Amino acid sequence: MDVWIGGASAAELLRQGRRGAWPRLHGACERRVGDGGRRHAQAWRGAVAALRDYRVVDARHPLAIRVPWAGRRVVAPEVTCLVCARTFPPGTFLLAELSSDGEVLHVDGPELTFAHFAGLLTTAVGNGELSRQAAVALLAAYGMELCGSYARDPARPYGGPCAYRLPPATTPERLRSWLGQTRHLKGRALAQVAVRMVRGGAASPMECLHVVMLSLPARHGGFGLGVPLMNAQLVTTQEVSALLGRTSLRPDLLFEDLGLAIEHNGAVWHEGVDRVAEDARRAQCYAALGIRCFPSTAQDVESFERYEGFLRRLAHCIGHDRGRSCRDELLRRMGDPASRAARLEVFSALRGCGRFGF
């Protein structure tokens with residue numbers, strides 16, 4: 001099928017492909033959207049029919065397809081068209097194999113979906129629907145999903161169940177390289193800012209929320225701790241290995257300069273007596289390595305006020321190790337009205353309803 005799926009529809013298929021057997025995603029050599037010629041008028045109908053097994057396609061949930069020029073636009077309630085005549089870097093597009101029958105169509109690769117989301121967010125900022133710091137936070141979180149080991153629900157990104165322990169769709173290095181090779185894309189400036197925050201290894205949306213909230217400068221809605229390592233392997237000493245019976249640790253977030261690890265004990269992986277015992281052993285390992293482990297729970301991220309409580313406790317924890325002046329500076333940042341307002345915007349966006357389709 002000479003059909004090119006783009007935008008939020010492509011993001012849905014990427015998530016679907018990462019979560020299950022179909023569609024199967026393969027590399028494509030094309031660098032620009034193809035021109036289906038006379039067949040184009042009928043090909044999109046075949047794509048709509050083929051994709052009904054994967055998503056709802058109707059006037060309320062139209063399928064986004066890319067066309068090379070305005071003359072190829074499709075006028076139909078179940079389709080929306082994205083005119084795209086640019087030549088992109090290699091690897092921009094993927095082939096989506098829909099079934100064993102051999103039905104194949106083109107789909108935006110992860111880097112192009114990242115750029116498309118940046119364009120949507122840039123428009124939202126320009127229209128006053130969203131602050132710039134909230135837009136940066138949303139885009140960075142989406143980038144970390146692409147580079148992480150989880151995928152949100154394709155149909156309900158904010159509310160549906162995530163899939164975990166998946167191979168990443170791309171890497172931070174590839175995202176940065178791809179953006180460095182593109183020019184004149186709407187939202188590129190926003191993407192260049194957000195991609196600097198993107199780290200690989202994210203294992204859940206809550207880890208990404210912590211990274212954004214703790215990393216952004218206070219004036220931009222964060223806590224100003226710097227960008228941590230995510231799920232990076234820490235090799236223990238031989239002595240610690242012998243004492244505690246493990247050779248390595250993978251903290252959810254590690255702020256090396258602070259000697260601080262954040263472990264998010266989510267409801268999925270941290271239930272039952274065995275998990276409690278394992279969490280306790282991990283805390284012992286961190287202490288043996290001279291690293292302060294500060295856990296978070298699902299309750300800490302339920303609401304903005306609960307997260308504020310989490311940050312205040314974290315400030316006191318850091319102050320215990322780094323001194324009273326460090327604690328007081330963190331609490332001062334929290335108490336600043338402008339910083340608090342920005343923090344509320346960023347937190348609300350990250351816990352939001354997915355109204356931008358990503």
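**Figure 1. Two helices, H3 and H4, pack side by side in this predicted model.** Axes here are lines fitted to C-alpha atoms, for helices over the stretch in contact, and angles run from 0 to 180 degrees between N-to-C directions. With that in hand, look at helix H3 (residues 110-126) and helix H4 (residues 132-146): their axes come within 10 Å and cross at roughly 165°. Angles over 145 degrees count as roughly antiparallel, so H3 is roughly antiparallel to H4. The crossing of H3 and H4 is right-handed. Which residues meet across this pair? From H3 come Pro110, Thr113, Phe114, Phe117, Ala118, Leu121 and Val125, and from H4 come Arg132, Ala135, Leu138, Leu139, Tyr142, Gly143 and Leu146.

**Figure 2. Four strands build an open sheet with mixed pairing.** Reading across the sheet, the order is E9-E12-E13-E14. Strand E9 (229-230) and strand E14 (292-297) are the edge strands, each pairing on one side only. E9 and strand E12 (residues 253-255) are joined by two bridges in the antiparallel sense. To find this pairing on screen, start from leucine 229, whose bridge partner in E12 is leucine 254.

**Figure 3. A hairpin links E12 and E13.** These two strands pair in the antiparallel sense over three bridges, and phenylalanine 255 stands opposite leucine 260 in E13. Four residues lie between the strands of the hairpin, and glycine 259 in the turn has a positive phi of about 60°.

**Figure 4. E13 and E14 pair in the parallel sense.** Six bridges connect E13 and E14. Histidine 264 is a handy landmark here, with serine 296 as its bridge partner in E14. Is E13 enclosed or open to its surroundings? Five of the six residues of E13 are buried, so this strand is largely enclosed by the rest of the structure.

**Figure 5. Helices H7 and H10 pack on the sheet.** In this view we return to the sheet through E9 and E12, which pair in the antiparallel sense. Helix H7 (residues 205-215) touches E9, E12, strand E13 (260-265) and E14, and its direction makes about 25° with that of E12. Helix H10 (residues 304-322) touches E13 and E14, and its direction makes about 175° with that of E14.

**Figure 6. Helix H10 has a long list of partners covering its buried residues.** H10 has 19 residues and reaches 26 Å from its first C-alpha to its last, close to the 27 Å expected at 1.5 Å a residue. Its buried residues include Phe304, Tyr307, Phe310, Leu311, Leu314 and Ile318. Cover for the buried residues of H10 comes from elements including H7, E13, E14, helix H11 (324-335) and helix H12 (337-350). Just after H10, look for glycine 323, which takes a positive phi of about 110°.

**Figure 7. Two loop residues other than glycine have a positive phi.** Most residues other than glycine have a negative phi. Arginine 165 has a phi near 60° and is found in the loop between strand E8 (163-164) and helix H5 (172-180). Histidine 184 also has a phi near 60°, and its place is the loop between H5 and helix H6 (188-194). Are these side chains' residues buried or exposed? Arginine 165 counts as exposed at 67% relative accessibility, and histidine 184 is exposed with a relative accessible area of 68%.

Notes:
Residues numbered from 1 in each chain as written. Predicted model: local features only at pLDDT ≥ 70, side-chain atom pairs only at ≥ 80, totals over all residues. Heavy atoms only, no water. Pairing = 2+ DSSP bridges. Contact = heavy atoms within 4.5 Å. Buried < 20%, exposed > 50% of the residue type's maximum accessible area, 1.4 Å probe, protein only. Expected span 1.5 Å × (residues − 1). Parallel < 35°, antiparallel > 145°, perpendicular 65-115°, else oblique. Left-handed = near helix turned anticlockwise from the far one by under 90°.
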